[in-house]
Amino acid sequence: MINDNNQYVNWFRHSSPYINAHRGKTFVLMLGGEALADDNFGNIIHDIALLNSLGVKLVLIHGSRPQIEAKLEQLHISDKVHHHLRVTDSETLQCVIEAAASLRTEVEAKLSMGLANSPMHGAKIRVCSGNFVSARPVGIYKGVDLCHTGEVRRVDSEAIRQQLSINNIVLLSHLGYSPTGEIFNLAVEDVATQVAASLGADKLIMFGEDGGVRDSNDALRSEILADTAERLVSQYMAKHDNPDQPPSELSRHLKAAVEASRNGVPRSHLISYREDGALVSELFSRNGIGTMVIEQSYEQIRPATIEDVGGVLELIQPMEQAGILVRRSRELLEAEINCFTVIDLDGAIVGCAALYPFSDEQAAELACVAIASEYRGGDRGDKLLMAIEESARRQQLNRLFVLTTRTAHWFIERGFVETEVSNLPNGKQALYNFQRNSKAFSKSI
C-alpha cells in the first residue's frame, strides 16, 4: 500500500509541469462513432471532465460511421461509397441525421453526470452545441453526384472561442449547414482538422482503434514528423486503394494530422479509445501512450544554460551513485554549465555531455556523458557525441580524450583508442584520480 501511494505521489509530481503547460490551452478531441460505441467510452468522458477541471479549453467532435451503417442496414438501404466518399442521398441523409443527433444527445447526457463517488461528482460541465460549421456540397465528383455529402466551408471560430472563454465545452458533430438551410454529411476528420486550424488549437487529439503508428517490429512510435506521416499515407493508399471502400482509420487520422500540422496546429495525437486512461497518459507523461505527429521534432541538442542545472543533476545522480560518473556538486555544475551540451526533449533533459578544452595542446576532455535510462538504445548518444565533436572543431581542437571505468567499449566502438595517462594534457594529468583508476581513451577529430 505504501509503495502504491509513493508511485501515485511520484506520478502526480512528475505530471505537474504538464498540468501547468496545458492550463488555458485549446484542445480539439475527435471521437469517431466506434469510440462512442466502445465500452471504454465512459472512462474517456471521465478523463474529459478531468481536463475541463484543469482549465483546458475543449472542443469535442464526434462521428457516427458505424451507427449510420447500422441504420442503413436496418432499413435495407444500400450504402454507396464513391472514391472513398459516402454518397448521401435523401434516404441516407435521414439516417445520418438520426445517428448524429442520437449520439450528440448521448454525449451531452454523459457529460452532465454528477453522481457522488464518481469521477464526475461536482464537475458541473456546461456543453454547447450549435451551427458553428458551414458546409457546401462536394457536388459531382468523377461523374457521380454525391448529393448531400459536403465539405467544410467555414468555421465560426469567434463564436466557438466565446463559448470556450466561459469554460463551456463545445460539442460538434460531422453535420454542416449551408446558408440555404441545407444539411450536409461531412467527414469527421475534415471537421476536426478545419476546426483545429481555424481556432489555432494547441492540439488535435484523435481516438482510434490502434492508438498510433507501429514500426516493422510492432513497436509503437511515440513521435513522427508530418512528412513521415504523409509518406505513410501515400504508401498505404498505393497498396490498398479501393475507391468503393473508405480508407483505413489510421490513414484517415494520419492524413488529418498532416493537414492540421500544415495549417499551424503544433501537435496532433493518435491514441486508443480502447485503452483506459490513454488521454491522461498521453498528455501528462513524458513518453505518452500514442503517436504524436509534429512538423519538426521537439527533441533538440543544444548548449546548456543555467536553467538546465536541475535537470542535469537529476539525470546524472543515479550514475554518480552507481560509480559510473564522478560526483559533481550543484555549485560545481553551475560554474561549469557552459561546458555542457544537453538533449532537450520537450523541456526535459534526457542526455548530457561536457567538453573541457585544453587549448594550448589543442585537446579537450569529453566527460559526464549520460543518457536517461528510458531513452537508451537509440542513437541519442551518437548524436550527442557528434555535437561535442563539432563544438571541439569550432574551438580549433583536434583531439578528444575520455576517462572511463565502466563504458570503455562504447567509446572504442566510436573510434576511441586506449592511451596512457602520460599522453593526456599536463593539466589533466595533475588532476588524475588514481583511486578511480580510470582508463584513458583518445580520438583524433
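**Cavities, helices and a few odd residues**

With three residues, α9 gives the most to the lining of the second largest cavity. Helices here (H or I, at least four residues) and strands (E, at least two) are DSSP runs, numbered from the N terminus. The model is a predicted one, in which local features need pLDDT of at least 70 and side-chain atom pairs count only at pLDDT 80 or more, while totals for chains, interfaces and linings use all residues. Residues are numbered from 1 along each chain as its sequence is written, and side-chain values use heavy atoms, with hydrogens and water left out.

Back to that cavity. A cavity is a set of points, on a 1 Å grid over the protein atoms alone, where a 1.4 Å probe fits but cannot get out, and lining residues have an atom within 4 Å of a point. Its volume is the space filled by probe spheres set on the points, with grid points joined across faces, edges and corners. The second largest cavity comes to about 40 Å³. Its lining is made up of Gly-208, Glu-209, Asp-210, Gly-211, Gly-212, Glu-249, Leu-250, His-253, Leu-270 and Ile-271. Besides α9, strand β15 (267-272) also supplies at least two of the lining residues. Sorted by class, this lining has three nonpolar, four polar and three charged residues. For that count, Ala, Val, Leu, Ile, Met, Phe, Trp, Tyr, Cys and Pro are nonpolar, Asp, Glu, Lys and Arg are charged, and the others, Gly among them, are polar.

The structure has three cavities of 30 Å³ or more, and the largest holds about 60 Å³ of space. Around the largest cavity sit Met-30, Gly-32, Glu-34, Ala-35, Arg-65, Val-188, Glu-189, Phe-207, Glu-249, Arg-252, His-253 and Tyr-273. Three helices, α2 (33-37), α7 (188-199) and α9 (249-262), each put at least two residues into this lining, and the largest share, three residues, is from α9. The lining splits into five nonpolar, two polar and five charged residues.

Helix α7 is worth a look of its own. Its 12 residues should span 16 Å at 1.5 Å a residue, and its end C-alpha atoms are indeed 16 Å apart; the expected span is 1.5 Å times one less than the number of residues. Most of α7 is covered, with nine of its 12 residues buried. Buried means under 20% relative accessible area, exposed over 50%, and partly exposed in between (1.4 Å probe, protein chains only). The buried residues of α7 include Val-188 and Glu-189, both of which also line the largest cavity. Right after α7 comes Gly-200, with a positive phi near 65 degrees.

Helix α11 (residues 309-321) also has the length it should: its 13 residues are expected to span 18 Å, and its end C-alpha atoms are 18 Å apart. There is a kink of about 30 degrees at Leu-315, shortly before the proline Pro-318; the bend at a residue is the angle between axes fitted to the seven residues ending there and the seven starting there. Val-309, Val-312, Leu-313, Leu-315, Ile-316, Met-319 and Glu-320 are buried in α11. An α-helix has 3.6 residues a turn, so residues three or four places apart point the same way. The buried residues of α11 pack against α12 (330-336), β18 (340-345), β19 (348-358) and β20 (363-371). Gly-323, with a positive phi near 80 degrees, follows α11.

Positive phi also turns up outside glycine. Most residues other than glycine have a negative phi. Asp-218, however, has a positive phi near 65 degrees; Asp-218 is in the loop between β13 (203-208) and β14 (223-225) and counts as exposed at 52% relative accessibility. Gln-362, in the loop between β19 and β20, has a positive phi of about 50 degrees and is partly exposed at 40%.

Two further residues show opposite settings. Asn-52, in helix α3 (residues 41-53), is buried because its relative accessible area is 18%. Leaving aside neighbours within four places in sequence, Asn-52 is in contact (heavy atoms within 4.5 Å) with Leu-58, Ile-125, Asn-167 and Ile-169. Pro-303, in strand β17 (residues 299-303), counts as exposed at 60% relative accessibility.

As for the chain overall, there are 15 helices and 23 strands, and 46% of the 445 residues are buried. The C-alpha trace spans about 90 × 55 × 35 Å along its principal axes.

How values were computed:
On a 1 Å grid over the protein atoms alone, a cavity is a set of points where a 1.4 Å probe fits but cannot get out, and a pocket is an open set with protein on both sides within 12 Å along at least five of seven lines; lining residues have an atom within 4 Å of a point.
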